[in-house]
Amino acid sequence: MEFLSVLDFTFFLLVGFGTLVGIIFGAIPGMTATMAVAVCLPLTYALGLNHGLALLLGLYVGGISGGMVPAVLLNIPGTPSSITTTFDGYPMARKGEGEKALRICVIASVIGGLISAAVLFLFAPLLADFSIKFSYVEKFLIILLALSVIASLSNSMLIGIFSGVIGVWLSLIGDYSISDGGNGHTRLMFDFMEPYLFEGFSLLPVLIGIFGISTILLEAEKGVKRDVAGQRIKIGKEGGFSLSIFKGSLTNLTRSSFIGTFVGMLPGVGGSAASVLAYTQEKNLARNSSQMGKGAPQGLIASESANNALTGGALIPLLSLGIPGDATTAVLIGAFTLQGIQVGPLFIPENHETWYVMMTALVLANFVMFFLMFFAIKYIAKVVMVPKHILYPIIVMMCVVGAYAINYGIMFDVWTLLIFGVLGYLIQKIGLEIAPLIIGFILGSQAEVYFVKSLESFGTYSVFFTKSPIAMVLWGLIAASVVFAIIMGIRSRARQKMELSQASGPHTVSGKHHGSNND
Amino acid sequence: MLLSKKTMMGVGSAGLIAALAMHSGIAMAQDAQMRGNIRVVIGSTSTGGDTYQNASIVVDRLAEHLGLNMKVDAVGASSAFRTLDRDSRGNTLMIFHDQSYLGHLYGVQGYDDIFEKYTIGPTIAINPGNAYLVAKDSPYETLDDIIEAVGNGETVRVAIQPGGVSEIGFSALKNAIAIEHPGQEDNLVAVNTGSQSDKNQQLFDGQADVINGSVQANEQYTRLPEDDQKAMRFVWLTARQGTIEQALEEGLGQTTREQLLEYVEPNVDVTMGEDENFTFDKEFFFLYNKEMDQGIVDQIDEALAAIYDEGSIQEAQLNAFFIPDFNPSEEASEYLQEKMTRYEEIISNIN
C-alpha cells in the first residue's frame, strides 16, 4: 500500500478542482472534456505524474458529465456523447422538469462511472485481450448496429433512414485521410472548397449548430414575448424527483453501464456510439418504451450511465495495450509520454503505484462530480429562468467561441456552426429528422473506414458474415434491431389510425406526427 | 538670405523625425524579433506522440530563454501548414519531421515542396525508434529471412501507414529486394492501415506478417511471452548505428541499447545498391513562413544554440529516448534537402 503515501491533500484538491473545471468545460457548448484535458496537459510537467493524473482524470470525468447540463436545459449536447440525453432531457426541461431530469442524469452518471471503474480495476487485462478480437469487420458491425438504431429512433422510418443517409453523406465530405490508411484525396466537393473542407466538417460545430443554433432560430421565429418557462419551472420538492424513479431501472442502468464500458474499450469506435447503443437497447428491450423521446427518465438513465461508463472503458485499452479508447484518453496518454512512462501491455504489472493512484482518482472524481452536481443542480436548473432575449445571445456567443476554439482557431468552424444551424432549422421545417441525421454524420466516416479496410484485408464480402462468432452475434443484434423497428413502426401506425378514427371533430386530423420532441 | 526661426525649427524637426524614422526602420530590418504570444503548431494531432513530446521539450526551454509566452498546438499536418501560410510575422512557427517532405515525395494531397514554400529552421532531435516487427511466433527470424522469402516467391504483407515515415522503410525494403531478387519485389505487399493500434491489430489478426511500429510503442509487446497473441519481436530499426549508439545505455523500458543495436545496420542489411545501406533517422525540425523576417530566424538559431550549449536539454531528450540533434537553419536546410534527394531515388526506383 505504498501508493497511500501519494494521496496527500494536494491530490484530493486536484481531483476536486479538475472535476469542477471539467464540469464547467462540459457544460459550455463547444468546450469538451478533450479540450479541458488538452489545455491542462502541460501542467502535468510541473505537477508530476501522480498529481497530474489526479487533475486530468478529474477533468475527464467532470467534462463528460458536464455535457448533460446544456443537453437537458438547452437542447445542446455539451459533448458528442450526450446527444441522446437531449432526446428526453430537453422535453422534460420544457415541461418544467429540468431539475428532475438533471438529478436523474447525475445519479445515472455516477453509477455508470463507478461500474466502469470497477470493471476496469478487476478485469482490465482480461478485457484488453477480448477487445483485440474485434478487428475491422467486428468494428464495422458495431457501427452498423449503432446505425441501425436510426430506424427505431425515427418517427417515420423512411424519413429517418433518408435523414441518416444524408448524415452519412455529409460525414464523407473531405479527404480519405492517410492517417486512416486512406489515399489522402478529397471527395464530394469542388476544388475551391479544399482549403476549408480538406478534413471535412468538424463534429462539434456541426453538433452545436444543428442542435443549438437551430433551436434558437426556431425560438426566435416565435418572436420575443413574455416568457412563461420560468414560471413553470419546478424547483426543489416540487421538482418531483425521488429515488423511486430508479425503481425497475436496475436492468437499464446495469445494461447501459456495461454497454458504455464495452464500447469505450474498443479503440476507434467512439463515445457517441455508446450512448446511442444504450439508448436504443433500452428502447428495444424495455417493456414500455413508448414515452422515450418525449421526456422519459429511462432514456436519460440509459444515455448518461452509458456515457459516463465510457471513462473506465476507454482507460482499459490505454492501460492494457497502450492504445487510447477515445479522443480524451488519446490526449491523456500525453501525460505519460511527457513524463517518460510507457503505456503498453505491461504498464499495470510494472507501475502498480500509478495504477492504484489512477483508480483512486477515477473513483474519487466520480464522487466529487456527484456531490458537486447533485447539490448545485437547483441553481443550475434556473438557467432556463433567464429571459430568452438575454439567454440566447449568450448561448450564441458561447457556441461561436467554442466552435472557434475547438480546432485551435479555425474560422471555418464558426461558418460550419452557422451553416448547420440554418440547415438544422430548414431540416425541421421540411420535416426531415435531426437525430438520425446527426447519428449518420457521427458514425458515417468510421463505418466507411472499417468497411473499406475489412474488404482490403479479407478481399471478400462474405467475411462480414463468417469472420467470427462475434460477427454472427452482432448480425443477430442488427437483425433484431431492424425487426423491432419495423414492428414498432407498424404498431405506431396502427395506433395513429385508431386515434384518428376515435377522434371527433376535424381539428384533430393531422397528417403529420409531431408527438415526439427528439429534435 | 534670411530664414525665419520658425522655418528653421520646422525643417530641423522634420529632419530629426526623418532621421529617427530611418534609423528605427534600419534597426527593425536588422533586429526583427519575436514578440507577443508565439504559437508553435505541430504536424500531428496527437499529444501522446513523439512530435508533441519533442516540441514540448524544446518550446518550453525556448520560451524560458526568450522570456516569451509560447504554446504547442497539436493541429495536424494540413492545418499546421495552412496556419503557417497565414502568418509571416513570426507569431506562428511549426515543428514537424521528415513526413513534411516525404508526404510530397509520395504525392500525398496537401503536401507541397517544403524547400520551396517554407524556410527550413533548425533541426532539434532524432527519434531513433522507427521499427519493423513480426509476431513472436513468426517463421521469419530476421529481416534477411523476409528478403529471402520474398525473393523465393513468398508473399509477405507489411502493415504501414501510407505516404510518409511509415512507408519509407517499406519502400527501401522493396527496393532492396528489387536489387537482390529482380522481379520478385511485388511479392512484398503493403497493407495500408492507420494508427499504431490498427497496425498491431493487423498482426494479431494474421492479416499482416510484418508491421511498422516504434521502440516506444511496441517495446512492451516484445517482452510478452510467446504464447500471448499480442507478443511481437523486432526485426529492424531503420536508424543509423551511430544514432542508436548515442542513446542512453539502458535503452528503453527493459530493452537495452546493446539489444537495440542488434536490429540496425550492419547487423541488418537493406541495400540501396553500390555498397550503400539504407538507414532512416526520423528528424524533427522547425518550419517557418517564407516571408518571416531573417532576424527571427537568427534569433531562434542563436537561442537554441545557447540552450544546447547549456546542456540540460540533451539530458531531457535522452531520457525521453530522443537523440539531441541541433543544427542551425542554414545547415539544416542543406542537410534535409540532400536527405530528401536520397529517398527520392528509392521511391522513383520502385514506382
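**Domains of chain B and a bent helix in chain A**

In this predicted model, chain B is assigned two domains: domain 1 is made up of residues 36-127 + 282-350, and domain 2 covers residues 130-261. Taken over C-alpha atoms, the centres of domain 1 and domain 2 of chain B are 27 Å apart. Where these domains of chain B meet, 18 residues of domain 1 and 19 residues of domain 2 take part in the contact.

On the side of domain 1 of chain B that touches domain 2, two or more residues each are given by helix 4 (99-105) and helix 14 (329-350) of chain B. Helix 14 of chain B supplies the largest share of this side, with five residues. By residue type, the side of domain 1 of chain B that touches domain 2 consists of eleven nonpolar, four polar and three charged residues.

In chain A, helix 7 runs over residues 98-131. A straight helix of 34 residues would span 50 Å at 1.5 Å a residue, whereas the end C-alpha atoms of helix 7 of chain A are only 38 Å apart. Helix 7 of chain A has a kink of about 85° at Phe123(A), and the proline Pro125(A) follows shortly after. Of the 34 residues in helix 7 of chain A, 25 are buried, and the helix is thus mostly covered.

The mean pLDDT of chain A is 87, with 93% of its residues at 70 or more. Residues 507-519 of chain A have pLDDT below 50; in the model, this stretch makes 22 contacts beyond near neighbours in sequence. Where pLDDT is low, predicted coordinates should not be read in detail.

How values were computed:
Residues numbered from 1 in each chain as written. Chains lettered and ligands numbered in written order. Predicted model: local features only at pLDDT ≥ 70, side-chain atom pairs only at ≥ 80, totals over all residues. Domains from an automatic or database assignment. Contact = placed C-beta atoms within 7 Å. Helix = DSSP H or I, 4+ residues; strand = E, 2+ residues; numbered from the N terminus. Nonpolar A, V, L, I, M, F, W, Y, C, P; charged D, E, K, R; others polar. pLDDT = per-residue confidence, 0-100. Expected span 1.5 Å × (residues − 1). Bend = angle between axes of the 7 residues up to and from the residue. Buried ≥ 20, exposed ≤ 12 C-beta atoms within 10 Å, placed from the backbone.
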